[in-house]
Structures are given as C-alpha cells and as structure tokens.
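Biologist: I'd like to learn how to read a model like this one, feature by feature. Can we go through it together?

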Amino acid sequence: MPNPLSCSGPHKWATKHLQVATEMVHAGVEPEPHTGAILTPIFQSSVFVQASIETYLEKGHSYSGSRNPTVAVLEAKIAALEKAAVAYCFGSGMAAIVTTMATFLRHGDHCILPDGCYSTTQELARDLFGQLGVTFSFVDFTNLAAIEAAIHPNTKLIFSEYPTNPTLALTDLATVSRLAHQVGAKHVCDSTLASPMVVCPLQFGADMVIQSTTK
Ligand SMILES: Cc1ncc(COP(=O)(O)O)c(C=O)c1O
C-alpha cells in the first residue's frame, strides 16, 4: 500500500486511492481557505460580494441560485460516486427530472419510459409534456424487444428507472443505452432506488443518471 505521508498530504493520498467509503468522505472537499476548517461549512449566503466588475466571479460565486460552495462539494461527491464528469444538484428529484425532459424533448419528439416507473414521473410525462406535444410510450423494460419495437424515428429520449419504483423491475442498462444511441437518442437513467452503491449507469453507457437523494 502506498505511504500516505510520501504524497503531499493525507488528503491528496486519499483522493488518489479512493474506495466508495473514502469517496464519500473526501471527494470534493478542500480545507476552507479562510479558517482552515477541514469540512466545508454550510454557506447560507444567497449573494457573494464581488471586489469589482472587472474581477466578477473571480472567486467562483455570485448568487447561490446559480452556484453555492456547499452545494458544489455535494455535486463533486455525487459525481465521484457516479463516476461522472460532472453533477448538478436541484431542489428535488422531480426538479431534476423535469429539467432533464425539458432539455432533451421538444414538440413532436417521442420518449420511452418504463410502464411501472415512479408515478409522478408518469404524471409529469402525460400531464405536462404530453400537453406540450411530446408523445410517450410506456413499455415493460424487462422486455428489450418491446423497447426496440417502441422506438420511432422521432424518439429522442429513453428514460429508464433502475429499479422501477414501486415495482422494482430491472432492465439491461447496456442494451438500453445501445438501443438509444442507435437512433441518436439519449439514455437517461433514474437510479434513485439502486444508488451508486449498487450500480453506476454511466458505466453501462447511459448519458445521464438521476438520483433523488432523499431515498
Ligand atoms: C425513482 C424516483 N425518482 C424520482 C423521485 C422524485 O424525487 P423527489 O421526491 O426528490 O422529487 C422519487 C421519489 O420517491 C423516486 O422514487
């Protein structure tokens, strides 16, 4: 095992040799520069002072609605756990899902969802995006042929849930990713119930993963 003291410090050593448990403790955390606090404080300020217009955003923050130092550490930890390049936190899981659908779907587009997925996701699809001219197919994701058969030329998003809540159905994430990419669609996986302790959907080709962190 490498000697922690031979690197530039235990923190740097930990970030090089992370297991899941150490990822959760160390990822994204740097000692706070003003006081040296090892753990990131909870920054409650909504606004951050700027020294001048010329140096705007020099310290990386202006308004917590866009970026907040405490949330940034949580985002870095979640990205490390999911083995993702980047993570973004939202006020709730549904806020993340509505933003994802609004990002990938336009009037005339088609999206495929698991038939037993989280009820509010189904309602969001039918009641909001359905009214905006997006069509949805609710399919049994344990049946890969059924997913393939549901793909249309205008399919832009395959939204899997791993596993589905509440029916706990699993799917083959790698095949779902391949099917999506074959037609130029995105594969987004809501793996709230599994969490990155069990599966990292990005490693199976998903383009994006969603977690409702209250679970
Ligand atoms: C699989 C799944 N996705 C999304 C959500 C929504 O998350 P939130 O309650 O944080 O909006 C839930 C909530 O139970 C869920 O189970």
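**Cysteines, strands and a ligand**

Modeller: Let's start with a cysteine: Cys117 is buried, with a relative accessible area of 2%. Bear in mind that this is a predicted model.

Biologist: How many disulfides does the structure hold?

Modeller: The general idea is to look at sulfur pairs, which have to lie within 2.5 Å to count. Here the structure holds zero disulfides. For Cys117, the nearest cysteine sulfur belongs to Cys111 and is 9.0 Å away, so Cys117 is in no disulfide under the 2.5 Å cut-off. Cys189 is in no disulfide either, with the nearest cysteine sulfur, that of Cys200, 11 Å off.

Biologist: And Cys189, is that residue buried or exposed?

Modeller: Buried means under 20% relative accessible area. Cys189 has 0%, so it counts as buried.

Biologist: What about strand 4: how many of its residues are buried?

Modeller: Strand 4 spans residues 186–190, and four of its five residues are buried, so you can call the strand mostly covered.

Biologist: Which strands does strand 4 pair with?

Modeller: For pairing, you look for bridges between two strands, at least two of them. Strand 3 (residues 155–161) runs parallel to strand 4, and five bridges join them. One partnership to find on screen is Glu161 with Asp190 of strand 4. Strand 4 also pairs with strand 5 (residues 208–210), again in the parallel sense, over three bridges. There, Cys189 stands opposite Val209 of strand 5.

Biologist: What do strand 3, helix 7 and strand 4 make?

Modeller: Follow the chain from strand to helix to strand and check which way the path turns. In this model strand 3, helix 7 (residues 173–182) and strand 4 form a β-α-β unit, and that unit is right-handed.

Biologist: Now the ligand. Which residues surround it?

Modeller: Start with the shell, then look for polar atoms. Glu161 and Asp190, the bridge partners from before, are both among the residues around the ligand. Others include Ser92, Tyr118, Asn165, Thr192 and Ser212. Helix 4 (residues 93–104) supplies the largest share of the shell, three residues.

Biologist: Where are the polar atoms that face the ligand?

Modeller: Asp190 has a polar side-chain atom 2.6 Å from a ligand nitrogen. Gly93 uses its backbone: a polar atom there is 2.8 Å from an oxygen of the ligand. In Lys215, a side-chain N or O atom lies 3.3 Å from a ligand oxygen.

Biologist: How much of the ligand does the protein bury?

Modeller: Taken alone the ligand exposes 390 Å², and the protein buries 86% of that.

Technical notes: Residues numbered from 1 in each chain as written. Predicted model: local features only at pLDDT ≥ 70, side-chain atom pairs only at ≥ 80, totals over all residues. Heavy atoms only, no water. Buried < 20%, exposed > 50% of the residue type's maximum accessible area, 1.4 Å probe, protein only. Helix = DSSP H or I, 4+ residues; strand = E, 2+ residues; numbered from the N terminus. Right-handed = clockwise from strand over helix to strand, strands pointing away. Near = heavy atom within 4 Å. Polar contact = N/O pair within 3.5 Å; in protein donor to acceptor, adjacent residues only side chain to side chain. Areas by Shrake-Rupley, 256 points an atom, 1.4 Å probe, with all protein chains shown as cover.
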